[in-house]
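Subject: Structure handover and ligand sites

Hello,

Here is the structure we talked about. Please open it alongside this message; my notes follow below.

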Amino acid sequence: MSVSRRSFLKTSAAGVAALGLGVFDNPMLKKAFAGAVQETPVIWLAAGACSGCSVSLLNSLAPRIEEVLLDQVLPGKHTGFAFHPTVMAASGELAMEAMHAAEQRQFLLVVEGAVLTGFDGRCCEIGERQGHGVTSVEHLRRLAPKAKAIIAVGSCASYGGVPKANMNPSGAQGVAEFLKAEGIATPLINLPGCAVHPDWFVGTLAALLLGGPKAIEVDADGRPRMFYRKLIHDNCPLRGQFDQGRFAQKFGDEGCLYKLGCKGPVTRSNCPEKKWNGGVSWCIDNRHPCQGCTEPDYPYADSMWQPLPPKTVTPPAAYPPIFTDRRKPVDLTPGYAALAGIAGGVMGAKVLGKKKERTQDDERKD
Ligand code: SF4
Ligand code: SF4
């Protein structure tokens, strides 16, 4: 039996479509797992993104990325990454077929990157239909209402992030803003971060598979409280230096990084405990201020390195003047000089008194 190139490619790509996502398409494996494992297809849509969140996900160590993609995330629960533009083996028409097949089932939608609404969405096209590019806005309008739940991964998908920064010519929006404007009420979980931490994504995916969106408690900004509850400032190893008023004045200095623009006092995430790159390090361990990448205001109107106004920082009881440069030599103003004069006078009187006492004593001896 001859096999045409197209049907060979189709069969191969179906098997590995989206990085082995098709392992469960194998009829024998399907039979073996039937009834035991529930598969949830995942469609990963990359909109106005740098792919940093995808790269971060590939760094997942426990579980490893191949376990997330190929094994059961939870006993009896398997995700099939039906479409992921960065890691899937299939491309072109075959890749789009994988997406369209997945959307016929109960699927989870993951959005990476901001929704680029400017120029009728033409800033970001994913695949083609009848020779014309399909915009990410069109994909989202079609997929979002049908999805079981949506995960917005990274700061850009959550709140607009860097693409939405000042000027914003591409009309970048966060997914929540877009869904609201379109009147789409599908449950949405925001996982902000530049990039998203792999554990935040895998933990959210597992919680969704286990109990659905209602199982995840979110804060006012749509973030799971299990990852974004604590203030970085309250768990920072440099907090003691902040409380003592010991601040770095320039990069490379010792001390708390507040004056170099650290947003730890207004940023919520578990970075100090979880750290990055498999728990090796994190921003402040590397002597760089926290840039507040998990907050809706990121990347901030002025500059990421602009210090926060002191009123946004909760001062300790004995709060040092944080804008005093403690390394400057003492300024001997007239006030200091007068004080020094008084102190000198007192000391002089004491010495003279002792001298006088000694003289009278000497006289008595005589
Ligand atoms: S301001 Fe930043 S560096 Fe300083 S204690 Fe707070 S979180 Fe740590
Ligand atoms: S420390 Fe701050 S800037 Fe760094 S990853 Fe965590 S939230 Fe983002």
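The UniProt entry, which is unreviewed, carries a "binding site" annotation on C271, C290 and C293. These residues are spread over 23 residues of sequence but cluster in space, with a largest C-alpha distance of 10.9 Å. C271, C290 and C293 are all part of the lining of the largest pocket. Please keep in mind that this is a predicted model.

Ligand 2 sits in that largest pocket. Around ligand 2 are I232, T267, S269, C271, W276, W282, C283, C290, Q291, G292, C293 and T294. By class, this shell has seven nonpolar and five polar residues, and no charged ones.

Two of the annotated cysteines in detail:

- C271 lies in helix α12, residues 271-274. C271 is buried, because its relative accessible area is 9% and the cut-off is under 20%. Beyond its sequence neighbours within four places, C271 contacts W200, I232, W276 and W282.
- C290 is in the loop between α12 and α13. C290 is also buried, at a relative accessible area of 7%. Leaving out neighbours within four places in sequence, the contacts of C290 are I232, G261, C262, K263, G264, T267 and I284.

Now the other ligand. Which residues does UniProt list for "binding site" around the largest cavity? The unreviewed entry gives H233, C236, C256 and C262. They span 30 residues in sequence, yet no two of their C-alpha atoms are more than 11.2 Å apart, so they gather at one spot. H233, C236, C256 and C262 belong to the lining of the largest cavity.

Ligand 1 takes up the space of that cavity. Its surroundings are H233, C236, L238, R239, F242, C256, L257, Y258, C262, G264, P265 and I284. The shell around ligand 1 divides into nine nonpolar residues, two polar and one charged.

Two residues from this set:

- H233 is placed in the loop between α10 (225-228) and α11 (239-243). Is H233 buried or exposed? H233 counts as buried, at 10% relative accessibility. Not counting residues up to four places away in sequence, H233 touches R239, F242, G264, P265 and V313.
- C262 sits in the loop between α11 and α12. C262 is buried, with a relative accessible area of 7%. Apart from neighbours within four places in sequence, C262 is in contact with L257, I284, P289, C290 and L308.

One link between the two sets: C262, listed with H233, is in contact with C290, which is annotated with C271.

Best wishes

Conventions
Residues numbered from 1 in each chain as written. Chains lettered and ligands numbered in written order. Predicted model: local features only at pLDDT ≥ 70, side-chain atom pairs only at ≥ 80, totals over all residues. Heavy atoms only, no water. Near = heavy atom within 4 Å. 1 Å grid on protein atoms, 1.4 Å probe; cavity = no way out; pocket = protein on both sides within 12 Å on 5 of 7 lines; lining within 4 Å. Sits in = over half its atoms within 2 Å of the grid points. Nonpolar A, V, L, I, M, F, W, Y, C, P; charged D, E, K, R; others polar. UniProt positions renumbered as here; feature names shortened; annotations may be inferred. Helix = DSSP H or I, 4+ residues; strand = E, 2+ residues; numbered from the N terminus. Buried < 20%, exposed > 50% of the residue type's maximum accessible area, 1.4 Å probe, protein only. Contact = heavy atoms within 4.5 Å.
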